[in-house]
Amino acid sequence: MKVIITKDYEELSEKAFEIMAGVLKKKPDAVLGLATGSTPVGLYKKMIEDCKNGGISYKAVKTANLDEYVGLTPDNDQSYRYFMRHNLFDHIDIDLENTNIENGVASDLQKECERYNALLRTLPRDVQVLGIGANGHIAFNEPGTPFDSETHVVDLTENTIKMNARFFENEKDVPRRALTMGPKNIMEAKKILILAVGANKADAVKGMLNGPVDPALPASILQRHPDCTLIADEAAAAYVK
Ligand code: GLP
């Protein structure tokens, strides 16, 4: 895995944008695998700024997001569909029809996972953006998720519910389940860009880079990807040699 350590979040977002822009300049109709969470927001801001200033156009771009909470409608401001519109899609020239995310309010969640897996097979990702959970999760693949799983329904761990509670009014409002791409779907991307910010990610980053490749730390599977770059700020990279 290639590792880039940056002095701060601004530089991390800039480096991430350079890599993203490199993909899009080579392939204007690229398929982007996108992530939610606070970490990629700086990257998305750079993409918006650049597009508004006449830079890269997203007219031919397609996207597939990693995950969505179960039970939140797209207009719920805590849903990941809403997050993506608010933090990126509504501010660039992308066709919303070309953006994809799991439907967390599907009546049959199992069928919805099958639909999404079938869709992903038609949308090979040129680049996949990832954040990392403090427990080493990627997307909503919690510790113990088999590496060969595809999109599935997950019960979120107490740790993740607590970490994500900061976005909700009350911890009890955090959905207990989600739909998520599996490690297998994530690993299919041609290029992976994983971003890590802050001291609370330092242990997960260390385990991802130096620990055994083990489902106990889902992000460790990325050691096996042929083109994966970690961009971490100094705090998240505290234990990186
Ligand atoms: C959530 C998301 C993950 C994300 C993680 C870290 O659990 N499902 O995709 O990587 O949070 O979030 P943050 O970037 O806010 O630290």
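Modeller: Two strands count as paired if DSSP finds at least two bridges between them. The model discussed here is predicted.

Biologist: How do you know that strand 2 (residues 31-34) and strand 6 are joined, and in which sense do they run?

Modeller: Strand 2 and strand 6 share two bridges; the criterion asks for at least two, and therefore they are a pair. They run parallel. Within this pair, Leu32 stands opposite Val127 of strand 6.

Biologist: In which sense do strand 6 and strand 9 pair, and over how many bridges?

Modeller: The sense is again parallel, and three bridges link strand 6 with strand 9. One residue pair can be named: Gln128 has Ile192 in strand 9 as its bridge partner.

Biologist: What makes both faces of strand 6 (residues 127-130) covered?

Modeller: Val127 and Val129 point to one side, and Gln128 and Leu130 to the other; these residues are all buried. Buried requires a relative accessible area under 20%, so each of the four falls below that limit.

Biologist: Which residues of helix 7 (residues 202-210) are buried, and what covers them?

Modeller: Ala202, Ala204, Val205, Gly207, Met208 and Leu209 are buried in helix 7. Their cover includes strand 1 (2-6), strand 9 (192-196) and strand 10 (228-233).

Biologist: What is the order of the open sheet of three strands, and is its pairing parallel or antiparallel?

Modeller: The order is 4-8-7, and the pairing is antiparallel. Strand 4 and strand 7 (152-155) are its edge strands, since each pairs on one side only. From one strand to the next, the twist averages 25 degrees.

Biologist: How do you know that strand 7 and strand 8 (residues 177-180) pair?

Modeller: Four bridges connect strand 7 and strand 8 in the antiparallel sense. At least two are needed, so the criterion is met. Among the partners, Asp155 is matched with Arg177 in strand 8.

Biologist: What volume has the largest pocket, and which residues lie nearest its centre?

Modeller: The volume of the largest pocket is about 610 Å³. Its lining comprises 34 residues, and Thr36, Gly37, Ser38, Asn164 and Phe167 lie nearest the centre.

Biologist: Which elements each supply at least two residues of the lining of the largest pocket, and which gives the most?

Modeller: Strand 4 (67-69), helix 3 (80-87) and helix 5 (158-164) each supply at least two. Helix 3 gives the most, with five residues.

Biologist: How do the residues of the lining of the largest pocket divide?

Modeller: The lining holds 14 nonpolar, 16 polar and four charged residues. Gly counts as polar, so Gly37 of the lining belongs to the polar group.

Conventions
Residues are numbered from 1 along each chain as its sequence is written. This is a predicted model: local features need pLDDT of at least 70, side-chain atom pairs count only at pLDDT 80 or more; totals for chains, interfaces and linings use all residues. Side-chain values use heavy atoms; hydrogens and water are left out. Buried means under 20% relative accessible area, exposed over 50%, partly exposed in between (1.4 Å probe, protein chains only). Contact means heavy atoms within 4.5 Å. On a 1 Å grid over the protein atoms alone, a cavity is a set of points where a 1.4 Å probe fits but cannot get out, and a pocket is an open set with protein on both sides within 12 Å along at least five of seven lines; lining residues have an atom within 4 Å of a point. Grid points are joined across faces, edges and corners, and a volume is the space filled by probe spheres set on the points. Axes are lines fitted to C-alpha atoms, for helices over the stretch in contact, and angles run from 0 to 180 degrees between N-to-C directions.
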